[in-house]
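Visitor: I would like a close look at a single part of this model, followed outward into whatever surrounds it. Please take your time and keep the argument connected.

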Amino acid sequence: MTHLLSAQARIVATTRIALPGVVAMAAFVVLTGLAPAVLFGQHRDSHTVLEGSATVAVVAAMLLGALQTAGDLQNGMIRALLLVEPRRLRLLAAQLLVSLGLGAAVGAAAALLADSTQAALGRLDLPAATVISIGLGTTVAASLCGLIGAAVGVVVRNAPLAACVVVLWSYALEPFISTLSYNVYIYLPGGARESLVQHVSAHSYIPPPLIGGLILAGIASAAAVLAALTLSRQDID
Amino acid sequence: MNTTVQVRRLTKRYPTVTALDDVSLDLTAGRVHLLVGPNGAGKTTLLRVLVGMARPTEGSVSLHGRPFSSLERPAQVVGACLDPIRLPSLRSGRQHLACLASAARLPRQRVEEALDMVGLPAHVASRRAGTYSLGTRQRLTLAAALLGDPQVIVLDEPTTGLDVHGVAWLRRRLRAWADAGRTVLVASHSLTELAAMVDRVLVLDRGRLVRDAARDELDHGRDIQTALFELLTTNGGRGQ
């Protein structure tokens, strides 16, 4: 299995999507952290900024995972790999685990950058334990969402379509569901992410981070099973 | 005679078409097998089922007595060259092979050896695969098939995009592989380029194996290309 993980890591590194994606995500986190204060003199509270960076990290991780797996199916890489490793579920496991790792790296980078920009502005007014637990929550959320994105890519099998699914889900459908029923939303990836980064709401119940993590892990497991069923049954073009 | 590939009562149905219909055949070591037939005869589907890309509806395929999916080191048993057009375009040829070598647990030096074998120069192998001509893509796909130094070599339309030197090189390689004891299966609808190299001819038509014969059973002292042309247009032909 280690040889497959190594091969998959090499594939991700040479696809030339991951690095630009992480750099774009980092620039976005820094800009959204700095711009309001530097350009308009507005100061948002640290928790809101850290939550915002978690959202960006989670969507970036999902996008990277989805683009990687759907792209590999589209451009013939999966077919080439299956000729040297025909056990499809092993190959899928390697893909999902590498996306999990890449998501963790994206989450950790986003949390560190958000903390750094807030510290540079002298606005990091949260206790150290809270900063660390939000950072860990961001890392866990991004890693699991990286895996979910990779599973979406396997099911959708088309990179542009997979990217549309991720963006529409994250920025349109989930927010819409949250306005309809927050009690449903907390069981979706976005709601679980809010639990993990300790979102505070005066109006709605937000489960504790551990429960949010378990909900997201459950969603990721279901997505992995769906991807496994899809890949094991389909013919590869 | 050492049978390396066994196909038994293989049927592959898609929702609207039966691509393979009860096909049985054996491939033997040390022979070049040419799989011919008109467009849509089922040649590519047979190759795809052989290497596990498509699942059979009925029947079985075994390589060295085992299904492809249960081979421990498949790259050292089968090397397949399918559709060269689709390659990851952002990765260089060398990186592409390095990824495959890593997945196949092969030493990195095999990448350079495979590139040498197919005559892909170092500076070309370092370029992104998206910039390659069809002939160069074909050579890269061939290099991928040869990475594990396999015993069974499966090639789908391998002359597509190759220039005259490339075709001449391929003809020499086919003979050399077979002479070294390897099993070679080549699917092609072109009768002119490779027919002279083959030992056995398999004719597919509308998903059925309509002829399986040694070369000397077909040509009867005539030109093999003419014999194949007549075979395809009469015995396995659609005009009947």
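Guide: What follows starts from one strand and its partners and then widens to the rest of the two chains.

The model is a predicted one, in which local features are described only where pLDDT is at least 70. The part chosen is strand 3 of chain B, residues 32-36, and five of its five residues are buried, so this strand is largely enclosed by the rest of the structure. The side chains alternate in direction: B:Val32, B:Leu34 and B:Val36 point one way, whereas B:His33 and B:Leu35 point the other way, and all of these residues are buried.

Strand 3 of chain B has a parallel partner in strand 7 of chain B, residues 183-187, to which it is joined by four bridges. Within that pairing B:Leu34 is set opposite B:Val186. Another parallel pairing, again with four bridges, links strand 3 of chain B to strand 8 of chain B, which covers residues 200-205. Here B:His33 stands opposite B:Arg200, and B:Leu35 stands opposite B:Leu202.

Strand 8 of chain B deserves the next step, since six of its six residues are buried and the strand is therefore largely enclosed by the rest of the structure. Both of its faces are covered, with B:Arg200, B:Leu202 and B:Leu204 buried on one side and B:Val201, B:Val203 and B:Asp205 buried on the other. The buried set of strand 8 of chain B thus includes B:Arg200 and B:Asp205 alongside residues such as B:Leu202 and B:Val203.

From strand 8 of chain B the path continues into strand 9 of chain B, residues 208-214, through six bridges, and this pair runs antiparallel. B:Asp205 stands opposite B:Arg208 in that pairing. The two strands form a hairpin with two residues between them, and in the turn B:Arg206 has a positive phi of about 50 degrees.

Stepping back to the whole of chain B, one finds eight helices and nine strands. The radius of gyration of chain B is 18 Å, close to the 18 Å that the globule rule gives for 240 residues, so the chain is as compact as a globular protein of that length. Along the principal axes its C-alpha trace spans about 50 × 40 × 40 Å, and 48% of the 240 residues count as buried. Among the contacts in chain B with a separation of 6 or more, 70% are between residues 24 or more positions apart.

Chain A is built from 10 helices and zero strands. For its 237 residues a compact globule would have a radius of gyration near 18 Å, and the 18 Å of chain A agrees with this. Its C-alpha atoms fill a box of roughly 55 × 35 × 30 Å along the principal axes, and 51% of its residues count as buried. Of the contacts in chain A between residues at least 6 apart in sequence, 81% join residues at least 24 apart.

The two chains meet where 27 residues of chain B are in contact with 23 residues of chain A. On the chain B side of this contact, helix 2 of chain B, residues 93-103, gives the largest share, namely six residues. That side of chain B divides into 18 nonpolar, five polar and four charged residues.

Helix 4 of chain A, residues 77-84, has eight of its eight residues buried, so this helix is largely enclosed by the rest of the structure. Its buried residues include A:Arg79 as well as A:Met77, A:Ile78 and A:Leu81. The cover over helix 4 of chain A is drawn from both chains, including helix 1, helix 3 and helix 5 of chain A together with strand 5, helix 2 and helix 5 of chain B.

Last comes the nonpolar packing. In soluble globular proteins, nonpolar side chains tend to be buried together. The largest nonpolar core in this model has 148 residues, and those with the most contacts inside it are A:Ala110, B:Leu100, B:Ala143 and B:Leu147. Helix 3 of chain A supplies the largest share of this core, 16 residues. For B:Leu147, leaving aside neighbours within four places in sequence, the contacts include B:Ala75, B:Leu97, B:Leu100, B:Ala104 and B:Arg110.

How values were computed:
Residues numbered from 1 in each chain as written. Chains lettered and ligands numbered in written order. Predicted model: local features only at pLDDT ≥ 70, side-chain atom pairs only at ≥ 80, totals over all residues. Buried ≥ 20, exposed ≤ 12 C-beta atoms within 10 Å, placed from the backbone. Pairing = 2+ DSSP bridges. Contact = placed C-beta atoms within 7 Å. Nonpolar A, V, L, I, M, F, W, Y, C, P; charged D, E, K, R; others polar. Rg over C-alpha atoms; globule rule 2.2 N^0.38 Å. Core = buried A, V, L, I, M, F, W, Y, C linked by C-beta atoms within 7 Å.
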